Amino acid sequence: MALLEGEHLTKRFGGVVAVDDVSFSIERGETVGLIGPNGAGKSTLFRLITGVHEPTKGQVTLDGEVITGLKPHQICHRGLVKTHQIVKPLEGLSLLENAAVGAQFGGRNPENPMERAHEVLEFVGLDHMAHDDPDELSVGALKRLEIARVLATDPEVLLLDEVAGGLDTDETEEIIDLIRDISDQGKTVFLIDHVMRALMSVSERVFVLDNGELIAKGTPTEIQNDERVIEAYLGDSAARDDIGTAAGD
């Protein structure tokens, strides 16, 4: 049985169909990427999974349990969490306190939230800054703090939304290594990113959305050679080289 499944997910906003009959399954411990042009429906799909939006049609199943209709905090308590594309740490709180909030209010075992916060800050490489203010962080460190906050909840599934966006080369490599470390812990990862080098290098499979429809699924190599993906996502033949480089070919 797949750990995370979506069945015929559809979301309409008035006359606009943002997600159109999307079905998918992700196995426990798998890392899966989600790509597509701007406006393809990627973020809307993530919001359907996490309970921010209720689907017009279809349902989401987590470990055999239907979670459609639950509130985001209820889904979080069941072990599915999502980072935010624009990181907004809690003002007036240190890195440690920000992570502790995740452990205390989102965690499934919040007996010692400060201890858990220290653990996740160490895991993401920020423990030496535990008592600093988030305002002092670089963009890359802010992204790692955001990951620490969701890890503090002790999740089974992490939805990562553009965690490599806006990073320089060194920071991107750090995020790639961090995602691999998370995967090595047995966590299931579903990620959106426009940084192809990051997404393709960590993903075992890749899903492709275009105009709300799931147009392709496959390994990074299969996706880089799919003409529908080349045409829909990047629009010209040169794109093949870009995706190929990102996938390590």
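Let me begin with helix H1, which is mostly covered: seven of its nine residues are buried. Those buried residues are Lys42, Thr44, Leu45, Phe46, Leu48, Ile49 and Thr50. Before going on, a word on what we are looking at: this is a predicted model. The mean pLDDT of the protein chain is 91, and 92% of its residues reach 70 or more.

Back to H1, and what covers it. The helix spans residues 42–50 and lies across strands S1, S2 and S4, running at about 65 degrees to S2. H1 also packs on a second sheet, where it touches strand S3 (31–35), S6, S7, S8 and S9. With the direction of S8, that of H1 makes about 145 degrees. Just after the helix comes Gly51, with a positive phi of about 85 degrees.

Now the sheets, one at a time. The four-stranded one is open, has the order S2-S1-S4-S5, and pairs in the antiparallel sense. Its edge strands are S2 (16–26) and S5 (65–66), each of which pairs on one side only.

Inside that sheet, S1 and S2 are antiparallel and share seven bridges. As an example of a partner pair, Lys11 is matched with Val19 in S2. The hairpin of S1 and S2 has two residues between the strands, and in it Gly14 takes a positive phi near 65 degrees. On to S4: strand S1 (residues 4–13) is joined to S4 (residues 57–62) by five bridges, again antiparallel. Here Thr10 has Lys57 as its bridge partner in S4, and Glu5 stands opposite Thr61.

The other sheet is also open, with six strands in the order S6-S7-S8-S3-S9-S10 and mixed pairing. Why is one side of S6 and of S10 left without a neighbour in the sheet? Strand S6 (80–82) and S10 stand at the edges and have a single partner strand each, so there is nothing in the sheet beside their other side. From one strand to the next, the twist averages 15 degrees. S6 and S7 run parallel and are joined by three bridges. In that pair, Leu80 has Val157 in S7 as its bridge partner.

One residue of this sheet is worth a stop: Thr188, in strand S8 (residues 188–192). Is Thr188 buried or exposed? Its relative accessibility is 1%, and buried means under 20%, so Thr188 counts as buried. Leaving out residues up to four places away in sequence, Thr188 touches Leu3, Ile26, Glu27, Arg28, Gly29, Glu30, Glu156, Val157 and Leu158.

Next, the nonpolar cores. The largest has 49 residues, and those with the most contacts inside it are Ile35, Leu121, Leu126, Ile147, Ile179, Val208 and Ile223. Helix H5 (residues 139–151) supplies the largest share of this core, seven residues. Where does this core lie with respect to domain 1 and domain 2? Domain 1 (1–79 + 156–168 + 187–248) and domain 2 (85–154) both give residues to it, so the core lies between them. Apart from it there is another core, of 25 residues, among them Val19, Val22, Ile26 and Leu34.

To look at one member of the largest core, take Val208. Not counting residues up to four places away in sequence, Val208 touches Ile35, Glu213, Leu214, Ile215, Ala216, Ile223 and Val229.

Two loop residues deserve a mention for their backbone. Glu162 has a phi near 55 degrees, a positive value in a residue other than glycine. This residue lies in the loop between strand S7 (157–161) and helix H6 (169–184). Glu162 counts as buried because its relative accessibility is 10%. Asn211 likewise is not a glycine, and has a positive phi of about 50 degrees. Asn211 is in the loop between strand S9 (205–210) and strand S10 (213–218). At 58% relative accessibility, Asn211 counts as exposed.

Last, a caution about one stretch. Over residues 244–249, pLDDT stays under 50, and the model has 11 contacts for them beyond four places in sequence. Where pLDDT is low, predicted coordinates should not be read in detail.

Definitions and conventions. Residues are numbered from 1 along each chain as its sequence is written. This is a predicted model: local features need pLDDT of at least 70, side-chain atom pairs count only at pLDDT 80 or more; totals for chains, interfaces and linings use all residues. Side-chain values use heavy atoms; hydrogens and water are left out. Buried means under 20% relative accessible area, exposed over 50%, partly exposed in between (1.4 Å probe, protein chains only). Contact means heavy atoms within 4.5 Å. A nonpolar core is a set of buried Ala, Val, Leu, Ile, Met, Phe, Trp, Tyr and Cys residues joined through side-chain atoms within 4.5 Å. Domain bounds come from an automatic or database domain assignment. Two strands pair if DSSP finds at least two bridges between them. Axes are lines fitted to C-alpha atoms, for helices over the stretch in contact, and angles run from 0 to 180 degrees between N-to-C directions. pLDDT is the predictor's confidence in each residue, from 0 to 100.
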